[in-house]
Structure formats: C-alpha cells, structure tokens
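The following questions and answers concern the structure shown here. Please keep the sequence and the model in view while reading.

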Amino acid sequence: MIAYQGEPGAYSEIAALRIGRPEPFESFEEVFAAVENRDVDFAVIPIENSLGGSIHQNYDLLLQHPVTIVAETFVKVEHCLLGLRGSSIEHALKVLSHPQALAQCRNFFAAYKGLKAEVAYDTAGSAKMIATEKDPTKLAIASKRAGELYGLEILRENLADEEWNITRFFCIAHTENPESLHLRKLTAKLDGSQYKTSIAFALPNEQGSLFKALSTFAMRNIDLTKIESRPFRKKAFEYLFYIDFIGHYTDMNIVNALNHLREFATIVNVLGSYGVVPE
C-alpha cells in the first residue's frame, strides 16, 4: 500500500497510483506515522511546487521520522472548477479548495470578484464536500479526476495562473526497509548520473561557513540542483540547509564530499538517493 494525504482524486493520489495501491490518510503526520509503524510499504508526499515553492512541513517531518527517500515523481497540476450538475459561475458565492490551489488561481478570482475563496483541507476534499452538501452556490477547485469520482460537472479547465504548475513528490519508505524490486523497476536508474541525493545539514555560526560547505561539492564537480534554508527548530535564529545534487550517496566523490562536510558541520543527514518514477 502507498499512503498519501487527502481524499481520492487528490493530486497526491495521482502520484501514489504510479507506484501501487493508494491508501488515503487525513494528515501528513498520519502518513509519516503509517510508514514508521510499517502499516504501509511506502508513502508519497508533496515536497515542492513550481509556483508555490517548498512544502516546509514535509521537510520538517522528513527529519522527525525514520524514513528515507526512495523515489521522486512529478505531477502536472491541472486545476478545474467543479460544481453540481446545473450550477454556474454566475450564481455561485463560494469556491472551496486547498489554500495553495486558491493562491495559484488569483487571476480567476480577480475576474470574478463576487466569488469568495474558502479554505478546505484538500483539493479533492473540497470536491467531496460540494458533492455531499449539494449546495449549487458552492464550487470547488480540484483535479479532473476528483470531478469524475464525485460526479461533479467541470465548469472550467486550466484555472491556474500559469501553465507550468507542477508538483514534485517524494516516495518515502522506512529507513530499515530495502527498496523493493517493484520500485526499482519503476524508477529510471541506469547509471549514477541519473540518481539524485537530498541532504540536510547545519553549520556553526561562523564567517564563511556556508561558502566552505558549498565548496566541498564544487571542488568535486558535484552538480547542485537545489539549496534552501529552513529555521532550525531546536535553536532560535539558526538554520538547516537542504541540498539536492546529482549522484548517489555511495559514489566515491560524494562520499568524500560528505565526509569533508562532516568535519565542520554540526549536523549532516542524508535523506536519500533516488530515481524518477515516470508518468
């Protein structure tokens, strides 16, 4: 089973379907707990959106639970405006969706100032609420699949402000679980250059410490694909750095870079090395 947060029809379910049989959970905390307790084999979690940026809660949870990243996949987010049969934009009063989805459709709300955006816990959950409440004055922003699952009419497609709306998902497993043959077949792992590795590290508050950390990768020609800082929850005004780079953590140049980094970093946590699950 593949845990995901949300209702059937959520974009997370679309990611989970690429790997196995989806199992919905209400919160991200419950998803991580299911992996930790081995109630599921894997879980998919959204980690970054091309418009909204990183999902910081899930970065924090990666460090709080004994999990490792074993794959990534990318889902194109195609927001649709959904309503009951016979409903219309002109007679609607509210539009429900996840706050990130609402934020990605600002141009739509600017064009229809009479519509009030209302936050729901999930995109597919908002579609389910519309179908359950049967209130024609309420609409939802969710996936086309959610509309089909809950018997709603698609009033408008391509609702997002930008076409390049893509969410990156991590597939995680318990740190003590070996990668399954099934997952290895799904990921595009042919040689070391196709792996990506994610790490988190903390540095002493000293002049030039970040430059020194990044130099451990630069001098070995390791290609960094992302760097981001997050507040360190255990100490005020100190930060964790999250880095993605090309290669596997067992590659010799990466082993040397990580050992070098550990000489002066206060924390170095390898979150996983992984390939891509295609659409």
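Q: Which charged, polar and nonpolar residues line the second largest pocket, and which residue of strand E15 (residues 267-276) is among them and also stands opposite Ala-202?
A: The model is a predicted one. The lining of the second largest pocket consists of Asp-60, Leu-63, Gln-64, Ala-200, Pro-231, Phe-232, Arg-233, Lys-234, Leu-240, Tyr-242, Ile-267 and Asn-269. By class, these residues divide into 7 nonpolar, 2 polar and 3 charged. The residue in E15 that stands opposite Ala-202 is Ile-267.

Q: Which element gives the most residues to the lining of the second largest pocket?
A: Two or more lining residues come from each of helix H3 (56-64), strand E14 (239-246) and E15. The pocket that they help to line holds about 240 Å³ of space. With 3 residues, the element that gives the most is H3.

Q: How many bridges join strand E12 (residues 196-202) to E15?
A: Strands of a sheet pair through backbone hydrogen bonds, either parallel or antiparallel. E12 and E15 run antiparallel, and the number of bridges that join them is 7.

Q: What is the bridge partner of Ala-71 in E15?
A: Strand E5 (residues 67-76) runs parallel to E15, and 2 bridges join these strands. For Ala-71, the bridge partner in E15 is Gly-275.

Q: How much space lies in the largest pocket?
A: Rolling a probe the size of a water molecule over the atoms shows where empty space is left. For the largest pocket, the volume is about 310 Å³.

Q: Which residues that line the largest pocket are the closest to its centre?
A: The lining of the largest pocket divides into 8 nonpolar, 9 polar and 1 charged residues. Helix H1 (11-17), strand E3 (42-49), helix H4 (99-103) and strand E11 (166-174) each supply at least two of them. Of the 18 lining residues, the closest to the centre are Ser-12, Pro-46, His-98, Gln-100 and Thr-123.

Q: Which strands stand at the edges of the open sheet of 5 strands?
A: The order of the strands in this sheet is E8-E7-E9-E6-E10, and the pairing is mixed. Each edge strand has a single partner strand, so one side of each is left without a neighbour in the sheet; the edge strands are E8 (116-119) and E10 (153-156).

Q: What angle does the direction of helix H6 (residues 123-133) make with that of strand E9 (138-142)?
A: In the sheet of 5 strands, the twist averages 35° from one strand to the next. H6 packs on this sheet and touches strand E6 (80-83), strand E7 and E9. The direction of H6 makes with that of E9 an angle of about 155°.

Q: Which residue of E8 is the bridge partner of Leu-96?
A: Strand E7 (residues 94-97) pairs with E8 in the parallel sense over 4 bridges. In E8, the bridge partner of Leu-96 is Glu-118.

Q: How far apart in sequence are the parts that the salt bridge of Arg-145 and Glu-13 ties together?
A: This salt bridge has its closest N and O atoms 2.8 Å apart. Arg-145 lies in helix H7 (residues 144-149) and Glu-13 in helix H1, so the pair ties together parts whose separation in sequence is 132 residues.

Key
Residues numbered from 1 in each chain as written. Predicted model: local features only at pLDDT ≥ 70, side-chain atom pairs only at ≥ 80, totals over all residues. Heavy atoms only, no water. Pairing = 2+ DSSP bridges. 1 Å grid on protein atoms, 1.4 Å probe; cavity = no way out; pocket = protein on both sides within 12 Å on 5 of 7 lines; lining within 4 Å. Points joined across faces, edges and corners; volume = space filled by probe spheres on them. Nonpolar A, V, L, I, M, F, W, Y, C, P; charged D, E, K, R; others polar. Axes fitted to C-alpha atoms, helices over the stretch in contact; angles between N-to-C directions. Contact = heavy atoms within 4.5 Å. Salt bridge = Lys/Arg side-chain N within 4 Å of Asp/Glu carboxyl O.
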